[in-house]
Amino acid sequence: MLRRFDMEGKTRTLAVDTRTLQTKILPLPKRTMSCRPDSRYRRLLRLAGSPPYPLQNDGITHGKHGLYLTTDLCPSSKKGFEKRLYEAIIHRFSHAVPVTLFITKRWIDRHPAAFEMLRQWDANGFLAVTWGNHTAWHHYHPGRPLEENFVLSPEENLTEDILTLEKALLERGVTPSIFFRFPGLISNKKAVHTVTHLGLIPIGTDAWLAKGQRPKEGSIILVHGNKNEPKGVTIFLKLLREGKIGKLRPIEEIY
Ligand SMILES: [Zn+2]
């Protein structure tokens, strides 16, 4: 059990399956459930929270097999979203396409129609969405040093920022996953431990396409779904057309 909360007058829990790493909303159990210390989930959580603690790109940065597509939905003043990206993968694969959306509350609030479309694609089996946490507010100060920026900004309350996003998803009928991405991929030891103490796994990248990195076996691909970085999406679509994007796997299979 990761959280407990009230929903429509009933107590519910957000629970994680320690073998599949999938989350579910369940009624409060009558007996206490325990988690074996050597479960797949516990091992991944320990790995994600261990040193070193690089300022940039901490967390899990690659998996074992296939490719993992992650699309960030940071706050954006752009209208709409990268529909061309999601439509291309839906058309390319016949099954529900696994994709992780690292989402923020500020993006949802400003793009209700886009959020609804993504939710529908997930519900209708076109996409198999893992709803990842990218914080509610995604603080950012242009020009400020990285050590005092993003979640390291002085005004940050990371626990509140993470739980506010989870609440925003739950209120909209969406189940939050255990996967988290630091805004700007910037963090320190304290921030990593705040995330892992909430039971979440920080996910970095070894294939940020717009930065010139190219996917290889096991890569976690990062593109932006919010139109803030069209270059990365254009590169992804080119790789897809060239047949260089093989099997996309759900992020739950990363470890
Ligand atoms: Zn972001």
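How many residues lie between strand 1 and strand 2 in their hairpin, and which residue in the turn has a positive phi? In this predicted model, the hairpin formed by strand 1 and strand 2 has 2 residues between the strands, and the residue in the turn with a positive phi, of about 50°, is Glu8.

## The open sheet and the helix packed on it

The hairpin belongs to an open sheet of 3 strands, which has the order 1-2-3 and antiparallel pairing. Strand 1 (3-7) and strand 3 are the edge strands, since each of them pairs on one side only. On average, and with direction ignored, neighbouring strands of this sheet are turned by 35° against each other. Strand 1 is joined to strand 2 (residues 10-16) by 5 bridges, and the two run antiparallel. Within this pairing, Arg3 stands opposite Leu14 in strand 2, while Arg4 stands opposite Thr13 of strand 2.

Helix 5 (residues 158-171) packs on the sheet and touches strand 1, strand 2 and strand 3, with a direction that makes about 40° with that of strand 1.

On the other side of the pairing, strand 2 and strand 3 are also antiparallel, over 5 bridges. Thr13, which stands opposite Arg4, has Leu26 as its bridge partner in strand 3. Strand 2 and strand 3 likewise form a hairpin, here with 6 residues between them, and Leu21 in that turn has a positive phi of about 65°.

## Cys35, after the sheet

Where does Cys35 lie? Cys35 is found in the loop between strand 3 (23-27) and helix 1 (40-48). Its relative accessibility is 29%, and Cys35 therefore counts as partly exposed. Once the neighbours within four places in sequence are left aside, Cys35 is in contact with Thr18 and Arg42. Although Cys35 and Met1 are 34 residues apart along the chain, their C-alpha atoms are separated by 9.0 Å.

## The zinc site

Which residues provide the protein donors of the zinc ion? The donors are Cys74 through SG, His134 through NE2 and His138 through NE2, and they lie 2.1 to 2.3 Å from the ion. Along the chain, these donors follow the spacing C-x59-H-x3-H. The pair of Cys74 and His138 links distant parts of the chain, 64 residues apart: Cys74 is in the loop between strand 4 (68-73) and helix 2 (83-92), whereas His138 is in the loop between strand 6 (127-133) and helix 5. Both Cys74 and His138 are buried.

Strand 6, which precedes the loop that holds His138, has 6 of its 7 residues buried, so this strand is largely enclosed by the rest of the structure. Strand 6 is joined to strand 5 (residues 97-103) by 7 bridges, and these two strands run parallel. In this pairing, Phe102 has Gly132 of strand 6 as its bridge partner.

## Helix packing

The table sets out three helix pairs with their angles and axis separations.

| Helix pair | Angle | Axes apart |
|---|---|---|
| Helix 5 and helix 6 (residues 189-197) | about 40° | 10 Å |
| Helix 2 and helix 7 (residues 230-241) | about 15° | 10 Å |
| Helix 2 and helix 4 (residues 112-123) | about 10° | 12 Å |

How are helix 5 and helix 6 oriented to each other? They pack at an angle of about 40°, and helix 5 and helix 6 are therefore oblique to each other. Helix 5 passes helix 6 in a right-handed crossing. The contact is made by Leu158, Thr159 and Ile162 on the side of helix 5, and by Ala191, Thr194 and Val195 on the side of helix 6.

Helix 2 takes part in two of the tabulated pairs. With helix 7 the angle is about 15°, which means that helix 2 is roughly parallel to helix 7. The crossing of helix 2 past helix 7 is left-handed. Here Arg84, Leu85, Ala88, Ile89 and Arg92 in helix 2 meet a set of residues in helix 7 that includes Val233, Phe236, Leu237 and Leu240.

With helix 4 the angle is about 10°, and helix 2 therefore counts as roughly parallel to helix 4 too. In this packing, Lys83, Tyr86, Glu87 and Ile90 of helix 2 meet Met117, Leu118 and Trp121 of helix 4.

Terms used:
Residues numbered from 1 in each chain as written. Predicted model: local features only at pLDDT ≥ 70, side-chain atom pairs only at ≥ 80, totals over all residues. Heavy atoms only, no water. Helix = DSSP H or I, 4+ residues; strand = E, 2+ residues; numbered from the N terminus. Buried < 20%, exposed > 50% of the residue type's maximum accessible area, 1.4 Å probe, protein only. Contact = heavy atoms within 4.5 Å. Pairing = 2+ DSSP bridges. Axes fitted to C-alpha atoms, helices over the stretch in contact; angles between N-to-C directions. Donors = N, O, S within 2.8 Å, 3.2 Å for Na, K, Ca; no water. Parallel < 35°, antiparallel > 145°, perpendicular 65-115°, else oblique. Left-handed = near helix turned anticlockwise from the far one by under 90°.
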